[in-house]
Every structure is written in structure tokens, then in C-alpha cells.
Amino acid sequence: MKKLIFLVLAALSISSAEVFAQVIYSGGTYTETFDTLPVNTSSINNAAIYNNVSTNGALGWYSSIGAGDSATGRASSGSEAASGKLYSWGSQNNTDRAYGIHSTSGFSTAEYIGLQIQNTTGQTVSTLEVSYVVEQWRRNTNAATMTLEYLITDSSGNMLSSTGYITLSQGGVTSSTGSAAGLNGNLSENQTAISFILSGINWNEGDYLWLRWAVSESASSSAIALDNFNLTAVPEPSSIALAAFAFAVITTGWLRRNVRRTN
């Protein structure tokens, strides 16, 4: 009986970690490729894509539409599209995926995809290097736009649709337009590489950074999505700690030498 209870509790803890665990940033480079998203593009509306999970989703990533509902998720190679969906874009059964939202009838207001990440470096981070690729998987007569915004908060809840975000001009992308057709977003001609330094922030230890991409579409819009996201603190917290240690060693040596001289 004890063994059974242990197994049940273990299973529950794994499930809870998958649903509620956050992206923890303790230094180095955080990377997300979205390659855990569904890959079967042959069935219509078959993709149950979830918020903040490591299977059929991406840990720490959220969407304002479609997440967790198999009727509003879709894996697509770009050749077909539908209204109001959370998308796993990529070729059939290819694990190289991109994460996006799209609606053939358009959104009445901007909808969001976003990342929640917690600072556990033990220090306040003031500068970040951010890079990602915006891929276009479908072309249509109207453009889709993607605008990047950020928010720092001490709240651990889902803040994707909250107020208080600051818009970053560096992350804005507008799709190409033309006759309706699927595109291969893995080709360089259908990609926009974004890379910039976000400075002057005050991301304290334990606080949460939200990055969200506001997607605006009208009827018959093209479709764009995120891939290959990277985030690094500048300088890296480990480098700061090493520099502080070196300074302490040098200072201690200098003090000892001067104490000997005065004696």
C-alpha cells in the first residue's frame, strides 16, 4: 500500500511539474526551439497544444487563444489554415517546428504568445541579449504583424494578457503579402532574424520576466511564427560572480601587503 501511495504521489508530482513549472533562469543561455510541438499535419484540427508544458507545448510559453483545446490547435505545413488557431508550423512529421497563432478571419484585437521566465541568478539583471527567428509559413493578401513587449513582475501567475507591458521597437516584424499560398518557413527567404540588447531593465532575483508577441491579423492575412529563441544575461551572472571573487582576492592581498608595511 505504501508503495502504491508513493507511486501515485510521484505521478502527481510529475504531472504538476509539467503543468505549473516555470522556466528558471540561473545563468548562461536559455534556448527554446519548439521542437516538442505536434508534427502530424495530415489530420485537420488534431493538435492539442497546451500552455506551459514540455509535451505538446513548450515549458513557460503561453498563448491567449487555443491552448489546451484540441478543437483549436493545429499542426500545419503552411498549405492550409483555419480561424482562431494555435499553430505548430512545420513540414509533415518534421520535428523542426515553429510556434504561432493565426486566423483566416482575422483577430478583432491583438492576440498574444509569450514567455514567462524567473530570475534565479541571485543577482539583479539589467541587460539581456535576445535573439529569435520569425518564420513565415503562409502568404495571403493582407499582412500579419508581430510586436514584442515586456513586463517585469513579482507575480507568479499568468500575466500574458495583463496591462503594464512596454513595447520594444526592435522586435517588430511584418509579413510579406501576395496570392494565398503555403510557404516553407525553414527557408532563409521566408525568415527574419531578430537580435538585440535589452538594457536598462531591473529584473530582480525571484521576479518574473514576461516577453510577449502581440499578433495582429485581419481577414486573409499571412501567417508568421517564432522559432529558435535565445536569451542571455549580459554580462552573464557567473562572470559577475567571478569578477567579484577576483576583486576580493586582489583587495585582500593589497590590504595584507599594506598591513605588513605599516608594521
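**Loops with unusual backbone geometry**

Okay, so let's start at Thr141: leaving out residues up to four places away in sequence, Thr141 touches Thr177, Gly178 and Ser220. Keep in mind this is a predicted model.

Where does Thr141 sit? You'll find Thr141 in the loop that joins strand S10 (125–139) to strand S11 (145–153). Take its partner Thr177: the two are 36 residues apart along the sequence, yet their C-alphas are 5.2 Å apart in space.

Now follow another of those contacts, Ser220. Ser220 is in a loop as well, the one between strand S15 (208–216) and S16. Is Ser220 buried, exposed or partly exposed? Its relative accessibility is 31%, and buried would need under 20% while exposed would need over 50%, so Ser220 counts as partly exposed.

Here's the backbone bit. Ser220 has a phi near 60 degrees, so positive, and it isn't a glycine. As background, most residues other than glycine have a negative phi, and most peptide bonds are trans.

Which other residue should you click on? Try Asn93: again not a glycine, again a positive phi, about 60 degrees. Asn93 is in the loop running between strand S7 (85–89) and strand S8 (98–102).

And then the peptide bond side of things. Go from Val234 to Pro235 and the bond is cis, with omega near -10 degrees. Pro235 belongs to the loop between strand S16 (223–233) and helix H2 (237–262).

That's my tour, folks. Over to you.

Terms used:
Residues numbered from 1 in each chain as written. Predicted model: local features only at pLDDT ≥ 70, side-chain atom pairs only at ≥ 80, totals over all residues. Heavy atoms only, no water. Helix = DSSP H or I, 4+ residues; strand = E, 2+ residues; numbered from the N terminus. Contact = heavy atoms within 4.5 Å. Buried < 20%, exposed > 50% of the residue type's maximum accessible area, 1.4 Å probe, protein only.
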